[in-house]
Amino acid sequence: MNRDPRPPDDDPNGSGGDPGAEDPGAAGGPSAGGPEPADDPDLELFMAGLRTVQPQARPAPAGELAAAAAVFAVRGPGVPTADLVGDSVEAPAGALRAVPDGGPRYLLLRTREAEIRLEVTGSGGHRDIVGRLSPARSGSVEVRNPGSARDAPLDRDGAFTSRGVPRGPVRLLFRADGRPLVATPWLTV
């Protein structure tokens, strides 16, 4: 059965009928290899809203769906997002330490309970990220970009290294005992 997810022309409210009804072949369905919107009510509500606003839009490519799913996967109640409080790229010209072109970039992020220090180096299309979570916890950090995610272990001092991270937006999610502790906002490296 192939249902059109777009609202019918005669629907005065533009509601599109049942927002939970999905076309298995539509973007994000199982045959497209993307995320399953029915698994996340917020994502399904968002997708239904998009179909209402622009029903003629083409289905999203799998890569775009994966990037959107990555954003949704990191969010969640109870996972505090650290605030960026220091970035060596934005330091004033007369700062104590000038950042040379292509040299390391230092970032400081904080929540009430945690502090994250990052050093970003690299050239070309890849970056190396070395960091430390304080207070120290062993666990892992997921380094996520729009196209992929990779895990790096946190040692007993809360330190980690992730090499060869693609240049562009990244978000880090720190975990201990399998539970999310803190996430960073999306950062461009």
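In the hairpin of β8 and β9, two residues lie between the strands, and D177 takes a positive phi near 55° there. The model is a predicted one, and this turn is a convenient place to enter it. D177 belongs to the loop between β8 and β9. Most residues other than glycine have a negative phi. D177 has a positive phi although the residue is not glycine. Is D177 buried or exposed? Its relative accessibility is 75%, and since the cut-off for exposed is over 50%, D177 counts as exposed.

The two strands on either side of this turn run antiparallel and are joined by four bridges. One facing pair in the hairpin is A176 and R179, the latter in β9.

From the hairpin, the view can widen to the whole chain. The protein contains two helices and ten strands. Along the sequence, the two helices come before the strands, in the pattern α-α-β-β-β-β-β-β-β-β-β-β. Of the 189 residues in the protein, 34% are buried. The protein exposes about 11100 Å², and 53% of that area is supplied by carbon and sulfur atoms. Contacts also link parts of the chain that are separated in sequence: among those between residues at least 6 apart, 47% join residues at least 24 apart.

The next topic is how strands are arranged in a sheet. Five strands form an open sheet in the order β1-β2-β3-β4-β7, with antiparallel pairing. Which strands stand at the edges of this sheet? They are β1, covering residues 83-87, and β7; each has a single partner strand, so one side of each is left without a neighbour in the sheet. On average, neighbouring strands of this sheet are turned by 25° against each other, with direction ignored. In a regular strand, side chains alternate between the two faces of the sheet.

At the β1 edge, four bridges join β1 to β2, and the two strands run antiparallel. L84 stands opposite L109, a residue of β2. The loop between β1 and β2 holds S88. With a relative accessible area of 16%, S88 falls under the 20% cut-off and is therefore buried. What does the side chain of S88 reach? It reaches the backbone nitrogen of Y106, at 2.8 Å.

Many of the strands meet again in the interior. The largest nonpolar core has 23 residues, and those with the most contacts inside it are I116, L118, I129, L133, F160 and F174. At least two residues of this core come from each of β2 (105-110), β3 (115-121), β4 (126-134), β5 (139-145), β6 (148-154), β7 (159-166), β8 (169-176) and β9 (179-183). Which strand gives the most to this core? That strand is β8, with four residues.

I129 can serve as an example of a core residue. Leaving aside residues up to four places away in sequence, I129 touches L118, E119, V120, V143, F160, T161, S162, V165 and V170. The list includes the charged or polar residue names E119, T161 and S162 as well as nonpolar ones such as L118 and F160.

Strand β8 also contains R171. R171 has a relative accessible area of 10%, which is under the 20% cut-off, so R171 is buried. The side chain of R171 makes a polar contact with the side chain of T81, at 3.3 Å. R171 and A149 are 22 residues apart along the chain, and their C-alpha atoms are separated by 9.3 Å.

Another residue of the β8 region, V170, leads towards the end of the chain. V170 and W186 are 16 residues apart in sequence, while their C-alpha atoms are 5.4 Å apart in space. W186 sits in the loop between β9 and β10, the latter covering residues 187-188. The relative accessibility of W186 is 30%, so W186 counts as partly exposed.

One more loop deserves a look, the one between β4 and β5, which contains P135. Most peptide bonds are trans. The bond joining S134 and P135 is a cis peptide bond, with omega about 0°.

Key
Residues are numbered from 1 along each chain as its sequence is written. This is a predicted model: local features need pLDDT of at least 70, side-chain atom pairs count only at pLDDT 80 or more; totals for chains, interfaces and linings use all residues. Side-chain values use heavy atoms; hydrogens and water are left out. A nonpolar core is a set of buried Ala, Val, Leu, Ile, Met, Phe, Trp, Tyr and Cys residues joined through side-chain atoms within 4.5 Å. Buried means under 20% relative accessible area, exposed over 50%, partly exposed in between (1.4 Å probe, protein chains only). Contact means heavy atoms within 4.5 Å. Accessible areas come from the Shrake-Rupley method with a 1.4 Å probe; for residues, only the protein chains shown count as cover. Two strands pair if DSSP finds at least two bridges between them. Axes are lines fitted to C-alpha atoms, for helices over the stretch in contact, and angles run from 0 to 180 degrees between N-to-C directions. A polar contact is a pair of N or O atoms within 3.5 Å; within protein, one must be able to donate a hydrogen and the other to accept it, and residues adjacent in sequence count only if both atoms are side-chain atoms.
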